[in-house]
2 protein chains.
Amino acid sequence: MTVRNARLADFLPYLLSVTSNVVSDRIADEYRARFGLKIPEWRVMAVLGDGGAMTQRLLVGATRMDKVAVNRACKVLEERGLIRRSPNDRDGRSHHLELTAAGKAMHGEIMPIALDMERRLFSTLGAAERDQFKSLLARINVAADQMESPE
Amino acid sequence: MTVRNARLADFLPYLLSVTSNVVSDRIADEYRARFGLKIPEWRVMAVLGDGGAMTQRLLVGATRMDKVAVNRACKVLEERGLIRRSPNDRDGRSHHLELTAAGKAMHGEIMPIALDMERRLFSTLGAAERDQFKSLLARINVAADQMESPE
DNA sequence: GCAAATTGGTTACAGTTGGAACCGCCTTGC
DNA sequence: GCAAGGCGGTTCCAACTGTAACCAATTTGC
C-alpha cells in the first residue's frame with residue numbers, strides 16, 4: 001500500500017496522553033471530593049509533608065510545576081490554614097513554607113489514600129511490571145527533557 | 001535542578017503525568033511550528049485521514065476528546081479549508097466530515113513527521129520495550145476506565 | 001560601593017478548557 | 001401521528017492556565 005496505515009490509537013504519545021488524563025482525572029475527583037484539594041495543592045502538601053519547610057523556588061523544582069501554579073497553590077493552602085509562611089533570614093524575597101498542625105493532620109490522612117489509589121489504579125500490573133513501567137517513564141522523561149532545549 | 005523528594009517523585013500517577021506533559025508539549029511545539037495545528041486539530045486530521053469521512057460523534061469516540069473540543073477543532077480546520085462538511089442524509093443533525101485535497105496533502109506530510117517524532121521521543125527504548133510500554137498503557141487505560149463508573 | 005543584571009515571588013491579562021444550557025432533529029411509545 | 005424524551009451539535013459562561021509584566025531583594029561586574 002502507498003501510505004502506511006497509521007492509526008491514532010497506536011500512536012504512542014496519544015496513548016500516553018489519554019492514559020495519563022484518565023488516571024489524573026480519577027485522582028483529581030478523589031482529592032476534590034475528600035479534601036477539597038486540587039492536584040497542584042495536593043502536590044505541594046505531599047512535598048512539604050515529606051521534605052519539611054522549603055521555599056516556593058524549591059517547590060517548583062520538586063513538583064515540576066511552574067512558579068505561578070506553585071504560588072497559587074500555596075496561597076490557597078495558606079488561606080485554609082494548612083501551611084504557614086515564616087521569614088527566610090537568608091533571603092528577604094522568599095519565605096519558608098511548612099505544614100501547620102492541621103496541614104500535617106491532613107497529610108497523614110492523604111498519603112495512605114494516595115498510595116491506596118495508586119495501588120488500585122495499577123493493580124492490573126504485577127509488581128515487576130510496575131517497576132518496569134516506572135523505569136520506562138523515567139527514561140522517557142529524561143529523553144524528552146534533553147530534546148527540549150538543544151537541536 | 002531536580003530536588004530529590006522520595007515520595008512524590010516515586011508516585012506513579014505523578015510520574016505518568018509529568019512524562020505525558022513533557023512529551024505532549026514537545027509534540028505540540030512541533031505541530032504548531034510546522035503546520036499551525038494544535039493537538040486536537042491534529043488528532044482530527046489523523047483520524048479523518050485514516051478512517052475517511054465521519055461525523056463529529058464518531059470523532060469524539062475515536063479521539064477521546066469531548067464534543068466541544070472536537071467541534072472547535074473541526075471549525076478551525078474547516079475555516080482553513082483542510083476539511084469539508086457534507087450533508088448526512090441519514091441524520092439531519094450532523095454532517096459527514098472529510099479531508100479536502102489540501103487536507104489530504106497536509107495529512108500526507110504530517111504522518112511521517114509524527115511517526116518520526118514518536119521514534120525520536122522513544123528511541124531510548126528498544127523495540128521490545130516500546131511494545132511492552134504500549135501494552136502496559138493500554139491495560140492501565142482499561143483499568144482506569146472501569147474504575148470511573150461508580151462501583 | 002554602586003549601577004546593572006538576575007532572581008524569587010506576585011499580579012494582570014489573555015487564551016484555553018469543560019460543564020451546562022440550548023436548539024433542532026430523531027426515535028420511542030402509545 | 002404526535003407528545004415526550006434523547007441525541008448530535010453549538011453556544012455560553014465560568015474556571016483554570018500560562019505568559020508576560022512587575023516589584024523588591026540579591027548578586028555581579030567594574
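Start with DNA strand C and the protein around it: of the strand's atoms within 4 Å of the protein, 63% belong to sugar or phosphate, and the rest belong to bases. Before you go on, note that this is a predicted model, in which local features need pLDDT of at least 70, side-chain atom pairs count only at pLDDT 80 or more, and totals for chains, interfaces and linings use all residues. Residues are numbered from 1 along each chain as its sequence is written, chains are lettered from A and ligands numbered from 1 in the order in which they are written, and side-chain values use heavy atoms, with hydrogens and water left out.

**Stop 1: the surface near DNA strand C**

Select the residues near the strand, where near means that one of a residue's heavy atoms lies within 4 Å of it. You should get 17 residues, the closest being Gln56(A), Arg57(A), Asn71(A), Arg93(A) and Gly92(B). Colour them by class and you will find 10 charged, 5 polar and 2 nonpolar. Here Asp, Glu, Lys and Arg count as charged, Ala, Val, Leu, Ile, Met, Phe, Trp, Tyr, Cys and Pro as nonpolar, and the others, Gly among them, as polar.

Now zoom in on the phosphates. The side chain of Gln56(A) has an N or O atom 2.5 Å from a phosphate oxygen of DNA strand C. Next door in your selection, Arg57(A) uses its backbone instead, with an N or O atom 2.4 Å from a phosphate oxygen of the strand. Switch to chain B and pick Lys38(B), where a side-chain N or O atom is 3.1 Å from a phosphate oxygen of DNA strand C. Which elements give two or more residues to this surface? They are helix H3 (56-63) and helix H4 (67-79) of chain A, together with helix H5 (67-79) of chain B. H4(A) supplies the largest share, 4 residues. Helices (H or I, at least four residues) and strands (E, at least two) are DSSP runs, numbered from the N terminus.

**Stop 2: salt bridges**

Keep Arg93(A) selected and add Asp91(A): the two form a salt bridge, with their closest N and O atoms 2.8 Å apart. The term stands for a side-chain nitrogen of Lys or Arg within 4 Å of a carboxyl oxygen of Asp or Glu. Arg93(A) is exposed at 73% relative accessibility, while Asp91(A) is partly exposed at 25%. Those labels mean under 20% relative accessible area for buried, over 50% for exposed, and partly exposed in between (1.4 Å probe, protein chains only).

Over all chains, the whole structure holds 20 salt bridges. For another, show Arg84(A) and Glu98(A), whose side chains meet at 3.8 Å, N to O. Arg84(A) sits in strand E1 (residues 83-87) of chain A and Glu98(A) in strand E2 (residues 95-99) of chain A, so this pair ties together parts that are 14 residues apart in sequence.

Then move to helix H1 (residues 12-35) of chain A, where Asp29(A) and Arg32(A) are 3 residues apart, or about one helical turn. Their salt bridge has its closest N and O atoms 3.4 Å apart. Asp29(A) is partly exposed at 40%, and Arg32(A) is exposed at 53%.

**Stop 3: helix H2 of chain A**

Finish by selecting residues 39-51 of chain A, the 13 residues of helix H2. From first C-alpha to last, the helix reaches 18 Å, close to the 18 Å expected at 1.5 Å a residue; the expected span is 1.5 Å times one less than the number of residues. Are Glu41(A), Trp42(A) and Arg43(A) buried or exposed? They are buried, as are Val44(A), Met45(A), Ala46(A), Val47(A) and Leu48(A). Just after H2(A) comes Gly52(A), with a positive phi near 75°.

How values were computed. Polar contact = N/O pair within 3.5 Å; in protein donor to acceptor, adjacent residues only side chain to side chain.
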